[in-house]
Amino acid sequence: MKVHEYQARQLLASGGIPVPPGQVIESFDKAAQAYREVTSQAGTDLAVIKAQVHAGGRGKAGFVKLVRSADDAAEAAKFMLTNKMVSVQTGPDGLDVRKILIAAGVDIEKEYYLAVTTDRASRTDVLIASAEGGVEIETVAKNNPDAIIKERLHPLEGLRPFQARRVAFQLGFTGKQVGQAVKVMLNLAKLYRSTDASIAEINPLIITPASDAHPDGQVLAIDAKFNFDDNALFRQKAIAEMFDPMEENPAEIRAKKFDLSYIALDGNIGCLVNGAGLAMSTMDIIKLHGGEPANFLDVGGSADEEAVTEAFRIILSDSRVQGVLVNIFGGIMRCDVIAKAIANAAKEVGFAVPLVVRLEGTNVDAARDILESARADIPTLQTATDLTDAAIKVTAAVKAA
Ligand code: GDP
Ligand code: MN
């Protein structure tokens, strides 16, 4: 599960990591007031206006803007709320922005990268740090891998103070900066564990220029990203409540309600399968025969007739779907359940697009009978004998349509 930056900042603040004050607004007429409040709280005229979407690369996309007046704050907020954000992480269609964070701006002496995540290769959690912050860490990893520092977390003790100090020195912190940076690292590692996060990232962590109040500068988090392990949400009520359904694909949310796993893709052939392995091979074989899958919908083994019918409703409500391939290898999932769901969906929604069905396994004969009786409702139905036959039939039917 993903959360917004403003929620990640709340988590950081609650975990003892210093973050400039901010407010979230959903309409631009609130921007001027928010600007005045956060800037007076921080004693500056600089504020940063930031689109709150579940994607990064906002700075380069023009959706992180520095302003020094209430009017400019309102204008930037209006721009972000009325234009789609297209960044390297959103795809060409871009994303609608519904929430804006208005935060006190800070002067930056230097930007750093800091994150805790799981390293599968070493089977431990790991702290990742770099003095080349602000830019995407993937770019640093590619162009300058030596600039990335890693410290493994102890399975019981987590990140230990000597490790955090070592990293702080490697990053080049000096004087009072070291203690501040160490505290941020230790607190980030604790938050990562206590919230069941899969990544806790601060990019950039910054140091402010020296001032009278802070002769060595201040270490602050000014952007944050947290993702959480879905399987742990049952014991993370406060985190689960941060879920923002508006940021998710509506079809994926519908599917989740019925315990179906649905992933939207870019093509035009809707796929309904049982089991992730079968889903992968179905997608591969569609591609092999020149088609493009529109989705990955896995009904699993335990879905009942109603859930499978919902699966067809979801696929058929996607306007990009120009053909449907059903590929079921009945085991725990029975073929007759699938056939009944097809008949239900045909009555209820209708298959305006070609439908190719390949069923094998438990109760397949009963399933074939059900499909034969439903044929009048499904003029586009074709049956297939094996996976190759099914893929050839559905790609041909979509091309002909
Ligand atoms: P992202 O592009 O989505 O990762 O958004 P960030 O919040 O990381 O902002 C991108 C960049 O904008 C940062 O790396 C900074 O260089 C700059 N930026 C963000 N907030 C501030 C701020 O308060 N003051 C200054 N001077 N620059 C900022
Ligand atoms: Mn960032």
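This text walks through a four-stranded sheet and the helices that lie across it. The model is predicted: local features need pLDDT of at least 70, side-chain atom pairs count only at pLDDT 80 or more, and totals for chains, interfaces and linings use all residues. Residues are numbered from 1 along each chain as its sequence is written, chains are lettered from A and ligands numbered from 1 in the order in which they are written, and side-chain values use heavy atoms, with hydrogens and water left out.

Start with the sheet. Helices (H or I, at least four residues) and strands (E, at least two) are DSSP runs, numbered from the N terminus. The sheet is open, has four strands in the order 1-4-2-3, and pairs them antiparallel. Two strands pair if DSSP finds at least two bridges between them. Strands 1 and 3 stand at the edges with a single partner strand each, so one side of each has no neighbour in the sheet. Neighbouring strands are turned by 20° against each other on average, direction ignored. Strands 2 and 3 pair over four bridges. V48 has L66 in strand 3 as its bridge partner.

Now the helices. Helix 2 lies across strands 1, 2, 3 and 4, at about 30° to strand 4. Helix 4 lies across strands 1, 2, 3 and 4 too, at about 165° to strand 3. Axes are lines fitted to C-alpha atoms, for helices over the stretch in contact (heavy atoms within 4.5 Å). Angles run from 0 to 180 degrees between N-to-C directions.

Which residues of helix 4 are buried? They are A70, A73, A74, A76, A77 and M80 (buried means under 20% relative accessible area, exposed over 50%, partly exposed in between; 1.4 Å probe, protein chains only). These buried residues fall within an arc of 165° seen down the axis, so they line one face of the helix. The arc is that of the directions from the helix axis to the C-beta atoms. On the other side, D71, E75 and T82 are exposed. The cover over the buried residues includes helix 2 and strands 1, 2, 3 and 4.
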